Amino acid sequence: MQTKYIKRNLFNKIAKHLDNKEITLIIGPRQVGKTILLKQLQEYLTKIKKIDLNSILYFNLDIIKDRELFQSQTEFIEYIKQKSIKRKIYIFIDEAQKVKDAGTFFKGVYDSDLAIKLILTGSSTLEIKAKIHESLAGRKRVFHLLPFSFLEILNYKNPSLHNLIIERKKIFDFDKKEVLKIFFDYCVFGGYPQVILTQDNEEKKEFLREIFSSYVEKDIIGFLKIENEANFNKLIKLLAAQTGNLINVAELSAAVNTDRYTIDRYLLNLDKTFITYNLKPFYSNIRQEVVKAAKIYFIDNGIRNFSLENLNKLFINREDKGALLENIILKELLLLKDTKNFNLKFWRSKQKAEVDFIIEQGLNVFPIEVKSNLTSNKLEAGFLGFVNRYNPQKALVVNLNYQGKRKINNTEIFFIHPYELENYI
């Protein structure tokens with residue numbers, strides 16, 4: 001009997017890549033479901049592709065016993081050479097960065113030209129870059145696995161409503177309330193698997209505590225050797241309170257009482273370990289538009305809210321609901337970024353006119369503005385300024401209330417609900 005899992009939108013793309021010779025490298029935060037995804041891929045090979053179970057090897061390098069075979073590259077190559085004499089072997093390796101000199105190790109395995117397919121996972125881009133990434137140039141394809149998207153969660157909790165949205169069918173007010181109820185819970189608690197799979201809010205909080213503690217212990221203290229944990233946690237709390245704002249290193253340095261070099265290092269570490277995302281600015285005229293400062297967001301709202309110790313209030317009653325909604329839309333766009341092939345930026349002029357997000361697809365650009373409260377098709381000056389300057393074919397205003405459209409010159413502007421975002425990208 002096939003095990004039932006929550007299917008990831010990225011699954012089909014990764015499954016298709018299993019036919020390619022190059023290494024499949026899946027990276028993402030700890031406890032985001034990479035191990036479960038590997039099991040799904042193995043079931044896909046056995047159930048759909050009819051690959052014999054003996055042709056699939058699985059190693060979890062968090063388990064000491066599984067690491068034994070990876071002490072010697074020569075021994076490992078001889079082992080898989082014996083296994084692949086009569087058939088192609090699929091080798092799944094979870095937490096592959098734990099192999100000593102992992103990049104060189106897997107480069108040698110790949111270059112041995114055996115009848116094998118390597119599928120690797122890793123939890124930290126810092127470790128991946130340090131140990132694997134550069135050594136495997138031209139030999140791998142990277143897939144980013146993040147916490148669940150809203151539509152993945154809705155598909156698990158209410159498949160019929162999910163299908164209505166995907167098929168762009170009318171959603172009646174009664175069903176819309178159910179969709180928004182699930183969405184508001186997502187805005188507060190985020191999309192980590194353990195959080196999604198429980199209904200109890202206290203358990204959700206405990207799971208987030210465990211995820212955050214594991215991150216600090218393994219990535220920050222363990223791999224990065226950051227000794228001042230208190231300062232690091234203080235910085236995370238400050239950034240969480242400034243979600244969607246421009247990063248000001250000097251102000252952060254003064255607030256944390258730490259030098260600017262250390263703050264820069266902390267910011268890089270947070271970005272590379274999938275806690276925050278630094279959104280870069282879009283510009284076409286360097287003289288007229290700000291080009292240096294990035295905006296800070298969190299990959300997961302649950303982690304953001306946990307760091308602020310603010311998981312109690314319902315989304316609709318929260319004072320920071322605007323920042324939470326903007327952060328959720330950033331996360332949703334990141335999940336679409338790899339599958340829809342676009343660059344994601346924000347726009348801010350020297351006159352401080354601003355648009356939350358800019359999508360770049362080749363030579364085409366279009367703006368996305370996020371508003372928690374909106375009751376009409378009225379647009380703010382910054383958004384209008386971008387539309388008038390760049391004359392995009394379309395523009396989006398994501399909000400919780402108003403749906404409709406209007407046209408300005410050649411630009412079609414769509415006012416949509418958050419759960420409709422994927423249909424308009």
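Colleague: Two strands count as paired if DSSP finds at least two bridges between them, so how many join strand 2 to strand 3?

Modeller: Five, and the strands, residues 56-60 and 89-94, run parallel. Strands are DSSP runs of E with at least two residues, helices are runs of H or I with at least four, and both are numbered from the N terminus. This is a predicted model, where local features need pLDDT of at least 70 and side-chain atom pairs 80 or more, while totals for chains, interfaces and linings use all residues. Residues are numbered from 1 along each chain as its sequence is written, and side-chain values use heavy atoms, without hydrogens or water.

Colleague: What stands opposite I56 in strand 3?

Modeller: Y90 does.

Colleague: Why is strand 2 largely enclosed?

Modeller: Because four of its five residues are buried, meaning under 20% relative accessible area with a 1.4 Å probe, protein chains only.

Colleague: Switching to helix 7, which residues are buried?

Modeller: Within residues 150-157, F150, L151, E152, I153 and L154 are. They pack against several helices, including helix 9 (173-189) and helix 16 (321-340).

Colleague: And where do helix 12 and helix 13 meet?

Modeller: N231, K234, L235, L238 and L239 of helix 12 touch L252, A255 and V256 of helix 13, with contact meaning heavy atoms within 4.5 Å.

Colleague: At what angle do they cross?

Modeller: Roughly 130°, with the axes coming within 10 Å. Axes are lines fitted to C-alpha atoms over the stretch in contact, and angles run from 0 to 180 degrees between N-to-C directions. The two helices are therefore oblique, the class left after under 35 (roughly parallel), over 145 (roughly antiparallel) and 65 to 115 degrees (roughly perpendicular).

Technical notes: Buried < 20%, exposed > 50% of the residue type's maximum accessible area, 1.4 Å probe, protein only. Pairing = 2+ DSSP bridges.
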